[in-house]
Amino acid sequence: MKKLTLLLLSFLLLCAALPAIAGEVPLISKDELKAQLDSGNVVILDVRSGRDWSSSEFKIKGAVQAPGSDIAKWSKDYTKDQPLVLYCA
Amino acid sequence: MRHSFLLSFALGAGWLLSPEALVIGGNTAGNMGWLAIASLAGAALLLSISGNLLNPSQRAAEHDNNYRLLRYMTGTLPAIGLTLASSIPLVILAATALLVTSGYTFNEVFLYWFPNFGFSFLLLALLTLLQFFPEKIIFRTQICFVLLTAGALLFLALSGIAGTEPPVYEVLEQPGSFSSASSVLMLLLFTGSTSGVKPKHPCLVPIAGLVIFSLWILASLCYVNPERLASSTIPYMTVARTIMGEPGRQIMGVAIISGTCGAITGLMFMCRVMLAEVATVHNGNNLLSATIQRWVFPLLVALATGILMAGGLAGDELLETFLRGALILWLIHHSLLCLSAILTNYRAHQTVPPAGAMTTALFIAAVFILIVTNPQRNEITFFILSMLGTGGLIPAIWIVINKITGTRTTTQQTEKTL
């Protein structure tokens with residue numbers, strides 16, 4: 001039983017560490033985004049949905065909710081040359 | 001198990017002080033204005049009456065446990081099915097939802113660099129670990145969780161009410177609008193409030209809940225306009241920030257995280273009590289079932305919660321639908337328990353307690369209102385039926401296996417002896 005408990009706790013802690021070892025994703029800083037916002041042609045997409053979205057206090061004003069699971073649907077709404085900024089936290 | 005007054009409150013008020021209950025309370029306050037407090041008082045009254053009705057000290061000795069009482073009315077299979085369906089999905093889904101909320105709160109209020117998902121898993125691991133400590137430590141920790149949450153909410157609410165402009169009486173003069181759909185939601189605040197409460201204190205959690213939530217709703221209405229309260233997904237944070245700015249957010253952050261811990265530990269205890277009641281009737285709560293309840297059950301709940309979180313249920317609207325379904329299942333279970341208590345009372349004394357009968361009828365009506373008025377009523381109905389089916393299927397398979405192998409269960413032996 002102790003081994004089982006340790007195994008499960010290790011699994012949960014591994015899951016806790018997963019975000020830290022996530023792959024490299026091109027990032028944009030807050031200041032860079034602010035500068036682009038002034039240009040007016042950037043689209044900000046909040047890819048969170050469900051409780052991930054509803055539990056968060058921080059939502060960028062003017063951002064469009066575009067859940068990651070529905071990418072096939074919403075990606076058609078934008079042209080390829082349009083700068084899209086996606087955020088999830 | 002000796003339960004002090006404080007422990008009865010801590011075990012019964014876990015869900016009541018959870019972030020989810022604060023969202024229900026905040027949205028209802030937004031929809032109904034000060035009438036939300038009247039609805040809350042009504043819900044607290046109904047829960048107090050049902051607490052008295054289900055008080056083991058007022059029942060016949062043969063119905064000393066809730067499962068036995070339920071079985072008296074529904075029979076063995078439905079009683080086991082309903083007991084399992086109203087407890088296990090609730091603790092797993094509530095843990096998934098609340099841990100995600102706590103993860104975001106920790107990330108956004110305390111440490112921006114700490115991943116919210118990471119915090120959710122870390123908290124799940126710690127709460128699972130807590131379950132393996134002696135019961136005394138679990139109970140003391142639960143008291144700390146609940147008192148910390150209640151203290152933080154009361155501090156924010158009283159600070160807000162003391163310094164409000166316009167004065168509170170002006171807020172109370174504004175008209176409220178009654179909504180049956182919103183008012184029955186208040187019953188869900190008291191989910192699990194009857195578990196673990198000493199028979200001496202059947203009204204403790206409803207009264208404490210009424211006081212804490214009334215003050216919180218009053219403060220919310222004084223500071224945030226009702227439309228915003230009704231539509232917000234985190235009304236508690238909006239209110240805390242408006243009352244006290246950044247310190248208010250931090251106090252609320254503590255309340256959310258400790259409230260999550262209190263709710264999960266409280267619901268886990270509720271589940272263990274319900275499973276123990278079934279085990280006591282069927283196999284005398286032997287060593288195997290005691291081991292399952294004490295050690296295997298928390299592991300299974302943690303594993304299921306971890307899988308649901310890692311599988312992305314938190315990002316799916318289905319989580320809200322399933323969680324609402326699980327809360328309604330608890331209310332169905334509670335309603336049927338009350339009905340069964342009335343029936344046994346009628347058999348024994350040929351009288352029906354009028355307040356108890358009225359309360360039970362209102363609980364059953366509330367179940368229908370909660371299902372019918374929900375936009376996801378089809379999904380909720382499907383969830384409830386499938387959980388009841390699954391809950392009934394497990395003991396049915398167990399009975400069939402026993403019949404095939406010719407093994408006599410302790411229950412069968414006991415029944416034959418009797």
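**Note on the predicted two-chain model**

1. B:Leu154 is located in helix α7 of chain B, which comprises residues 135-162. The model discussed here is a predicted one. With a relative accessible area of 26%, B:Leu154 is partly exposed, because that value falls between the limits of 20% for buried and 50% for exposed. Not counting residues up to four places away in sequence, B:Leu154 touches B:Ile212 and B:Leu215. A further relation links B:Leu154 to B:Phe213: the two are 59 residues apart in sequence, yet their C-alpha atoms are 8.9 Å apart in space.

2. Helix α10 of chain B covers residues 204-223. Its 20 residues should span 28 Å at 1.5 Å a residue, and the end C-alpha atoms are 29 Å apart, so the expected and computed lengths agree. Is α10(B) mostly covered or mostly open? This helix is mostly covered, since 15 of its 20 residues are buried.

3. Chain B as a whole has 17 helices and zero strands. Its radius of gyration is 21 Å, which agrees with the value near 22 Å that a compact globule of 418 residues would have. The C-alpha trace spans about 70 × 50 × 45 Å along its principal axes. Of the 418 residues in chain B, 56% count as buried. Among the contacts in chain B between residues at least 6 apart in sequence, 83% join residues at least 24 apart. The chain exposes about 17,000 Å², and carbon and sulfur atoms supply 68% of that area.

4. The largest nonpolar core contains 139 residues. B:Leu189, B:Trp216, B:Tyr236, B:Met252 and B:Leu331 have the most contacts inside this core. Helix α12 of chain B, residues 235-283, gives the most to the core, with 21 residues. As general background, nonpolar side chains in soluble globular proteins tend to be buried together.

5. Which residues does B:Tyr236 contact, leaving aside its neighbours within four places in sequence? The partners of B:Tyr236 are B:Pro19, B:Leu22, B:Val23, B:Thr101, B:Trp216, B:Met252 and B:Ile256. A second, separate core has six residues, including A:Val43, A:Leu45, A:Val47 and A:Tyr78.

6. B:Thr105 belongs to helix α5 of chain B, residues 76-110. Its relative accessible area is 4%, and B:Thr105 is therefore buried, as the limit for that class is under 20%. With neighbours within four places in sequence left aside, B:Thr105 is in contact with B:Phe110, B:Met237, B:Gly253 and B:Ile256.

7. Helix α16 of chain B runs over residues 377-405. At 1.5 Å a residue its 29 residues should span 42 Å, and the end C-alpha atoms are 42 Å apart, which agrees. The buried residues in α16(B) include B:Ile380, B:Phe383, B:Ile384, B:Gly391, B:Gly392, B:Pro395 and B:Asn402. The cover over the buried residues of α16(B) includes α5, α14 (318-349) and α15 (354-372) of chain B. In general, an α-helix has 3.6 residues a turn, so residues three or four places apart point the same way.

8. B:Gln350 lies in the loop between α14 and α15 of chain B. Is B:Gln350 buried or exposed? B:Gln350 is exposed, with a relative accessible area of 54%. Its phi is near 60 degrees, a positive value in a residue other than glycine. Most residues other than glycine have a negative phi. A reader checking the backbone may therefore wish to note the phi of B:Gln350, which is positive.

9. Chain A has four helices and three strands, and along the sequence these follow the pattern α-α-β-α-β-α-β. Of its 89 residues, 30% count as buried. Among contacts in chain A with a separation of 6 or more, residues 24 or more positions apart account for 49%. Chain A exposes about 6,300 Å², of which carbon and sulfur atoms supply 62%.

10. According to an unreviewed UniProt entry, the annotation "domain: Rhodanese" covers residues 38-89 of chain A. Over those residues the chain is 21% helix and 19% strand. The end C-alpha atoms of this stretch are 22 Å apart.

Conventions
Residues numbered from 1 in each chain as written. Chains lettered and ligands numbered in written order. Predicted model: local features only at pLDDT ≥ 70, side-chain atom pairs only at ≥ 80, totals over all residues. Heavy atoms only, no water. Helix = DSSP H or I, 4+ residues; strand = E, 2+ residues; numbered from the N terminus. Buried < 20%, exposed > 50% of the residue type's maximum accessible area, 1.4 Å probe, protein only. Contact = heavy atoms within 4.5 Å. Expected span 1.5 Å × (residues − 1). UniProt positions renumbered as here; feature names shortened; annotations may be inferred. Rg over C-alpha atoms; globule rule 2.2 N^0.38 Å. Areas by Shrake-Rupley, 256 points an atom, 1.4 Å probe, with all protein chains shown as cover. Core = buried A, V, L, I, M, F, W, Y, C linked by side-chain atoms within 4.5 Å.
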